[in-house]
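I sat down with this one to jot some notes on how it is put together. Here is what I looked up, in the order I got to it.

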Amino acid sequence: MKALRGLRALTTLSSRTPKPHLSPNLLLSRFYAAQPQQQDDSTTTDSVEDHVDDDAVFDSSQFRLPDIGTSHVSDQSMWDWKYRAKADRAIFGEETQKQESGEEEKKRRAIVLAKALLEAALQKPDEEEDVPVKEQDQKSLSVGVIGAPNAGKSSLTNYLVGTKVAAVSRKTNTTTHEVLGVLTKGNTQICFFDTPGLMLKNRGYPSSDTKARVQSGWSSVGLYDVLIVIFDVHRHLSRPDSRVIRLIERMGAQAHPKQKRVLCMNKVDLVEKKKDLLKVAQEFKDLPGYERYFMISGLKGSGVKDLTQFLMEQAVKRPWDEDPFNMSEEVMKNISLEVVRERLLDHVHQEVPYGIDHRLIDWKELRDGSLRIEQHLITPKRSQRGILVGKKGSKIGRIGIEANDELRSIFKRDVHLILLVRVK
């Protein structure tokens, strides 16, 4: 078997054309790219098929996955018979008789059922339905979500939007760039911008060694209509961080003339003694920069309804920026990168995931409606490549399978995900 693989590799190498050297533009490409990158021949889609080390490639086509919408449906009834009596009382006003009813009883039940269906069909549509809104009636709002690393910004953004748009992990600095999430309800559209974790030095100024992405987060703080400053109240009660306190105090030191700011105490579900939350509220109550204070759980949704209602009330008459019915291709590309990155952080530890250059190489919508997504994970060292690949490709395979399954669930269509691990 090894001899055949070696012979195939020699044949493939002899048939390839000479490859040009890497261009300077490629070396200066962004660390995290949402757009398909212009690569040399070694990073084209053909390179996946010709790659000698099969363990370093995950290809979802090699795994049997059920088709979206075409999975086998069991012939067995899914009706739970213990609810039959309850349903009969609600519709017909009586329980179902075990013995067959007479003709008059059947007719009466049919009339009652038809009337109930007709009333349901004539009901007014809910506000949640996709009803086109005229441009002059549209309202919009831009909301920035900032806070220290691991404050729960991404979890809150995902819950507000109702779907996965940002990677969530226990590790710090999970979010590496600004992530957009869109909520459209009625005639109002809110754009949420999840930002990388911000931190301050002891003197209360942005750290001089902050990375470029964090500096970008600071520069965009004043661009939003509403700014949500979020912090982990459970950690604040158990292990207060002076840098987080300075961040809260700095953002709330004075009112912003063109921006409303709210302070969110997150992870209240982890606090056993709820009275302690009042102590925290008292600690920051004298900061004039905050319009409102909210106690929430971004993961479980506690208190998020009140926050959403407040944001809906702050929307101004302005045309929408995003299509409310269809997810844009740019957003879908970012989601695909975020989902893979989340699985990467789940299965690869220490400093390895932070040094990986994660790139979207190819994005195609096929004729059957499915998506073909190719991403490359570029490691600075060969040893890190081995850690990411795992024994016989087990780790990259697990990452690929879990990411592919979640992308199919989010996009509601079949996804053909390809992950290639290589050394820079």
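The entries below go from the whole chain to helix packing and then to single residues.

**Overview.** First reminder to myself: this is a predicted model. I counted 14 helices and 12 strands in the protein. Of its 424 residues, 42% are buried. I also checked how far apart in sequence the contacts reach. Taking contacts between residues at least 6 apart in sequence, 71% join residues at least 24 apart.

**Helix α6.** Is α6 mostly covered or mostly open? Covered: 8 of its 9 residues are buried. I listed the buried ones as Lys153, Ser154, Ser155, Leu156, Thr157, Asn158, Leu160 and Val161. Next I wanted to know what they sit against. The buried residues of α6 pack against the strands β3, β4 (179–185), β5 (188–194) and β6 (226–232), and against helix α11. Just after the helix comes glycine 162, with a positive phi near 95°.

**α6 on α11.** I looked at this pair separately. The axes of α6 (residues 153–161) and α11 (residues 304–314) come within 11 Å, crossing at roughly 70°. An angle from 65 to 115 degrees counts as roughly perpendicular, so that is the label for α6 against α11. From α6, Leu156, Tyr159 and Leu160 meet Val304, Leu307 and Thr308 of α11. By type, the residues of this contact are 5 nonpolar, 1 polar and no charged. The spacing on the helices made me recall a rule: an α-helix has 3.6 residues a turn, so residues three or four places apart point the same way.

**α12 on α14.** Then I turned to another helix pair. Here the axes of α12 (residues 329–347) and α14 (residues 394–411) come within 9 Å and cross at roughly 140°. Roughly antiparallel needs over 145 degrees, so I logged α12 as oblique to α14. The crossing is right-handed. What does α12 bring to this contact? I noted Met332, Ile335, Ser336, Val339, Val340, Glu342, Arg343, Leu344 and His347. On the α14 side they meet Lys395, Arg398, Ile399, Glu402, Ala403, Glu406, Leu407, Ile410 and Phe411. The split for this contact is 10 nonpolar, 2 polar and 6 charged.

**Lysines with positive phi.** I went through the loops on either side of α14. Most residues other than glycine have a negative phi, so a positive value is worth a note. Lysine 392, in the loop between α13 (382–389) and α14, has a positive phi near 55°. Lysine 412, in the loop between α14 and β12 (415–423), also has a positive phi, about 60°. Buried or exposed? Lysine 392 counts as exposed, at 70% relative accessibility, and lysine 412 counts as exposed too, at 63%.

**Glutamine 138.** Last entry. Where does glutamine 138 sit? I found it in the loop between α5 (103–122) and β3 (139–147). Its relative accessible area is 11%; the cut-off for buried is under 20%, so glutamine 138 is buried. I looked for a polar partner for the side chain. One of its polar atoms lies 3.2 Å from the backbone oxygen of valine 133. Leaving aside neighbours within four places in sequence, glutamine 138 is in contact with Val133, Asn187, Val316, Lys317, Arg318, Pro319 and Trp320.

How values were computed:
Residues are numbered from 1 along each chain as its sequence is written. This is a predicted model: local features need pLDDT of at least 70, side-chain atom pairs count only at pLDDT 80 or more; totals for chains, interfaces and linings use all residues. Side-chain values use heavy atoms; hydrogens and water are left out. Helices (H or I, at least four residues) and strands (E, at least two) are DSSP runs, numbered from the N terminus. Buried means under 20% relative accessible area, exposed over 50%, partly exposed in between (1.4 Å probe, protein chains only). A polar contact is a pair of N or O atoms within 3.5 Å; within protein, one must be able to donate a hydrogen and the other to accept it, and residues adjacent in sequence count only if both atoms are side-chain atoms. Contact means heavy atoms within 4.5 Å. Axes are lines fitted to C-alpha atoms, for helices over the stretch in contact, and angles run from 0 to 180 degrees between N-to-C directions. Angles under 35 degrees count as roughly parallel, over 145 as roughly antiparallel, 65 to 115 as roughly perpendicular and the rest as oblique. Ala, Val, Leu, Ile, Met, Phe, Trp, Tyr, Cys and Pro count as nonpolar, Asp, Glu, Lys and Arg as charged, and the others, Gly among them, as polar. A crossing is left-handed if the near helix is turned anticlockwise from the far one by less than a right angle, and right-handed if clockwise.
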